[in-house]
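Let's take a walk through a protein model together. Keep the picture open and follow along as we go.

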Amino acid sequence: MTDTTLTTPTDQVLDELHEWLVAQWDPELTVAAWWERLGLAGWSAPSLPTNAYGRGLSRTDAVQVATAIADFGALGAPNGLGLLLAAPTIAAHGTQAQIDRYVRAIVTGQESWCQLFSEPAAGSDLAGLQTRAVRDGDEWIVNGQKVWTSNGQKADLGMLLARTDPGVPKHQGITYFACPMVQPGIDIRPLREMTGRALFNEVFLTDARVPDDALIGEVNHGWAVANTTLANERAGLGSGGGSGAGGIAIPGTVGGDLGRRAGAFVAAPAGGSASGNGSSAARETTMLQAMRGGVGLFADLARRNGTATDPLIRQGLAQLYIWGELGRMNGLRLKSVKEAGGDIPGMPNISKLSMSHIMRLSRDLGMSIAGASGMLHAYDVEGREAIARATGEPSLPVLTELALLAQAPSIYGGTDQVQRNIIGERVLGLPKEPNNDRTTPFAELAKNV
Ligand SMILES: Cc1cc2nc3c(=O)[nH]c(=O)nc-3n(C[C@H](O)[C@H](O)[C@H](O)COP(=O)(O)OP(=O)(O)OC[C@H]3O[C@@H](n4cnc5c(N)ncnc54)[C@H](O)[C@@H]3O)c2cc1C
């Protein structure tokens, strides 16, 4: 008979964390000094192995740690693509020297990262990428174009995929680099999306230089390294992104908050007002909770504006709650299977598909509850405050932003269709689409452009 017991977060770990926070948290520290303490103690990315500044915890427990840090009232880990993607990838494929060079700077927030994967003609077909890297002594010279590079304008380093051998089939000639972003060969042009934010960018690489010791894994074996990044992207986004709530200070030397006071980034308890930019910290925290299927935001608004008695709204709230619970239980199930030495194939893909679905449910439910006022959206702080004052509804700007953002998760980190293809082919064993791209040299394949 199957054992259906679900393991719970290790109380011992949370007790140790609490004791540590009591002794170490000081809101007067700079962000840099606080993150140095948090990261070196293994609390920034506790799911990393112990030789990579982590504690070897499960992803589910790591989310509990992040939540406990936020609940304590301390600034959370340096969130971003460094912590979510680069650190676990380098921990898995890098040398110990690279782990000490790159992962240490990520968990302590000293450097921020972006992901230089997608190109104008290589998104879903990522292995069709055309950016070239050619060795030049102890450096590589890189030419090409990337696009949709989130936070590229604030990054110290980029996870770069480049073609190093066009004479072999496309998956075999790709190499993975840690590319310095601040250099003359890199031109970053922000793209503004419909949320009003310029989250992502076009990145043009013209004779950009990458040192040879920044090559992660082996030459021409970057596809396996990239798959580790993608698996972490799917699993991490599926669990609600990054290391959880607990602050929105920005890591890194380019646009980071390292010199600011750590206490300024801590969200105030519900109903209170936060110091510094805490109100926007509270907004980000609410967004993250909603992305994990939290119903609080929607239920509170429905109670306030009288729609909580509407049977369709109640049904929507129940659906959202169920999907949130399914995600949580799947996380616990995966944790207990992994603790027993097993795995559940396809779980990162399923988690990411669930998160996309939760976002669409949240969008539709939020707009149904908001009614006509859901048509009001602002792109800056003043506008958001004006809408909140005019409607008497402080959560409205979060709802509209969530609704506009809801289209993104079904695209980034691999589209919903691509996730389903992967589940079909790699988990269910369905036949692949017939093509010759695993046997024909990349240089001889038909190109998208
Ligand atoms: C908010 C956001 C942030 C992003 N951030 C980054 C980032 O930081 N770094 C980065 O490198 N990229 C980033 N991306 C890019 C993202 O990874 C790509 O947009 C995504 O992989 C899809 O690629 P594409 O846009 O080229 O669409 P295409 O690949 O052209 O796909 C177009 C449509 O065709 C469908 N399709 C394609 N191939 C198949 C197939 N074989 N079977 C079935 N359907 C198929 C797709 O599902 C989609 O609906 C981001 C995207 C978004 C929206």
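Below we look at a pair of helices, then two backbone angles, then a spot on the surface. Bear in mind that this is a predicted model.

Start with helix α4, which covers residues 81-93, and helix α5, which covers residues 96-107. Their axes come within 10 Å and cross at roughly 160 degrees. How should we describe that angle? An angle over 145 degrees counts as roughly antiparallel, so α4 and α5 are roughly antiparallel to each other. The crossing of these two helices, α4 and α5, also has a handedness: it's left-handed.

Now for the backbone angles. Find W148, sitting in the loop between β3 (139-147) and β4 (157-163). Its phi is near 65 degrees, a positive value in a residue other than glycine. D207 also isn't a glycine, and it has a positive phi of about 50 degrees. Where does D207 sit? Look in strand β7, residues 200-211. Is D207 buried or exposed? Buried means under 20% relative accessible area and exposed means over 50%, with partly exposed in between. D207 comes out at 48%, so it counts as partly exposed.

Last stop: the surface. Which residues make the nonpolar patch here? They're Y321, I322 and L326, and the patch is about 310 Å². To find Y321, head for helix α9, which runs over residues 311-339. Y321 has a relative accessible area of 48%, so it's partly exposed. A patch residue needs over 30%, and with its 48% Y321 clears that cut-off.

Conventions:
Residues are numbered from 1 along each chain as its sequence is written. This is a predicted model: local features need pLDDT of at least 70, side-chain atom pairs count only at pLDDT 80 or more; totals for chains, interfaces and linings use all residues. Side-chain values use heavy atoms; hydrogens and water are left out. Patches are made of residues with over 30% relative accessible area and no salt bridge: like charges are joined within 9 Å, nonpolar side chains (Val, Leu, Ile, Met, Phe, Trp, Tyr) within 5 Å. Accessible areas come from the Shrake-Rupley method with a 1.4 Å probe; for residues, only the protein chains shown count as cover. A salt bridge is a side-chain nitrogen of Lys or Arg within 4 Å of a carboxyl oxygen of Asp or Glu. Helices (H or I, at least four residues) and strands (E, at least two) are DSSP runs, numbered from the N terminus. Buried means under 20% relative accessible area, exposed over 50%, partly exposed in between (1.4 Å probe, protein chains only). Axes are lines fitted to C-alpha atoms, for helices over the stretch in contact, and angles run from 0 to 180 degrees between N-to-C directions. Angles under 35 degrees count as roughly parallel, over 145 as roughly antiparallel, 65 to 115 as roughly perpendicular and the rest as oblique. A crossing is left-handed if the near helix is turned anticlockwise from the far one by less than a right angle, and right-handed if clockwise.
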